[in-house]
Amino acid sequence: MIQKEEILHIIEEIQEGTPVFLTDIEVTKDNDITVYIEKDNGEIDLGDCESLSNLIEEKLDREIEDYSLTVSSAGLDRPFKVIRQYLKFKGKEIEILLKDGEKLKCTLNEVRDNALNVSYTAMVKPEGKKRKVRTEMSREIGFDQIKQAMPYINFR
């Protein structure tokens with residue numbers, strides 16, 4: 001069976017110095033390999049996937065071990081796996097599910113080594129008032145508090 005680390009090593013060697021970066025690798029026991037990539041400046045296109053696929057296939061030998069290989073964009077429906085994905089979405093809306101179950105739709109303001117700074121709108125009841133009012137909030141969220149984060153998709 002082809003090991004995930006072997007694929008990771010090949011990709012790190014190939015992608016160094018390019019705007020394309022690895023977000024995830026999946027390898028099944030049947031050697032079905034799926035590589036998810038993203039690009040710092042723009043969207044992944046078919047050419048990016050094809051190019052990386054060809055470069056990986058040059059490094060692997062089907063005579064030694066048979067496999068299937070798929071190279072794909074990380075897409076909007078997959079959670080963030082690496083910090084570069086957060087950096088790409090700086091200034092944009094994301095959804096965060098915290099480990100305590102709280103879910104936030106927020107704007108990603110800043111990405112630090114161990115935390116995010118986000119802003120969002122919440123209904124807050126001011127002291128001495130009967131009704132809640134819409135209030136802009138800002139908050140630091142540590143990566144250790146995040147269960148899942150992904151781009152927010154607005155269909156309106």
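**Exercise 1. In what order do the elements of the chain run from the N terminus on?**

Keep in mind that you're working with a predicted model. Start with a tally: the chain has three helices and eight strands. Now walk along from the N terminus, and the elements read α-β-β-α-β-α-β-β-β-β-β.

**Exercise 2. Work out how the chain's radius of gyration compares with that of a compact globule of 156 residues.**

Step one is the reference value: a compact globule of 156 residues would come out near 15 Å. Step two is the chain itself, which has 20 Å. Step three, look at the box: along the principal axes, the C-alpha atoms fill roughly 75 × 30 × 30 Å. To round this off, check burial and contacts. Buried residues make up 35% of the 156 residues. Among contacts with a separation of 6 or more, 50% are between residues 24 or more positions apart.

**Exercise 3. Find the largest nonpolar core and say which elements supply it.**

First, the members: this core has 18 residues, and Ile7, Ile33, Val35, Ile37, Ile56, Leu60 and Val71 touch the most other members. Next, the suppliers: α1 (4-15), β1 (20-27), β2 (32-39), α2 (46-59) and β3 (68-73) each put in at least two residues. Then zoom in on isoleucine 7. Skip its neighbours within four places in sequence, and its contacts are Ile2, Ile25, Ile33, Val35 and Leu60. Don't stop there, though: a second, separate core has 17 residues, including Leu104, Leu116, Ala122 and Ala149.

**Exercise 4. Lay out the five-stranded open sheet and pick its edge strands.**

Begin with the order, which is β7-β6-β5-β4-β8, with antiparallel pairing. For the edges, look for strands that pair on one side only: those are β7 (133-142) and β8 (146-151). As for the angle, neighbouring strands are turned by 35° against each other on average, ignoring direction. Now take a single pairing: ten bridges join β6 (residues 115-124) to β7, and the two run antiparallel. As one position to look up, asparagine 117 stands opposite glutamate 140 in β7.

**Exercise 5. Place methionine 137 and describe its surroundings.**

Methionine 137 lies in strand β7. With a relative accessible area of 30%, methionine 137 falls between the 20% and 50% cut-offs, so call it partly exposed. For its contacts, leave out residues up to four places away in sequence; methionine 137 then touches Val118, Ser119, Tyr120, Ala122 and Val124. Finally, try a distance: methionine 137 and leucine 116 are 21 residues apart in sequence, and their C-alpha atoms are 14 Å apart in space.

**Exercise 6. Is asparagine 31 buried or exposed, and what is its phi?**

Locate the residue first: asparagine 31 is in the loop between β1 and β2. Its phi is near 65°, a positive value in a residue other than glycine. Its relative accessible area is 4%, which is under the 20% cut-off, so asparagine 31 is buried.

**Exercise 7. Count the disulfides, then check the burial of cysteine 49 and cysteine 106.**

The test is a pair of cysteine sulfur atoms within 2.5 Å. By that rule the count comes to zero disulfides. Now apply the burial cut-off of 20%: cysteine 49 has a relative accessible area of 11%, so it's buried. Cysteine 106 has 1%, so cysteine 106 is buried as well.

How values were computed:
Residues numbered from 1 in each chain as written. Predicted model: local features only at pLDDT ≥ 70, side-chain atom pairs only at ≥ 80, totals over all residues. Heavy atoms only, no water. Core = buried A, V, L, I, M, F, W, Y, C linked by side-chain atoms within 4.5 Å. Buried < 20%, exposed > 50% of the residue type's maximum accessible area, 1.4 Å probe, protein only. Helix = DSSP H or I, 4+ residues; strand = E, 2+ residues; numbered from the N terminus. Contact = heavy atoms within 4.5 Å. Pairing = 2+ DSSP bridges. Axes fitted to C-alpha atoms, helices over the stretch in contact; angles between N-to-C directions. Rg over C-alpha atoms; globule rule 2.2 N^0.38 Å.
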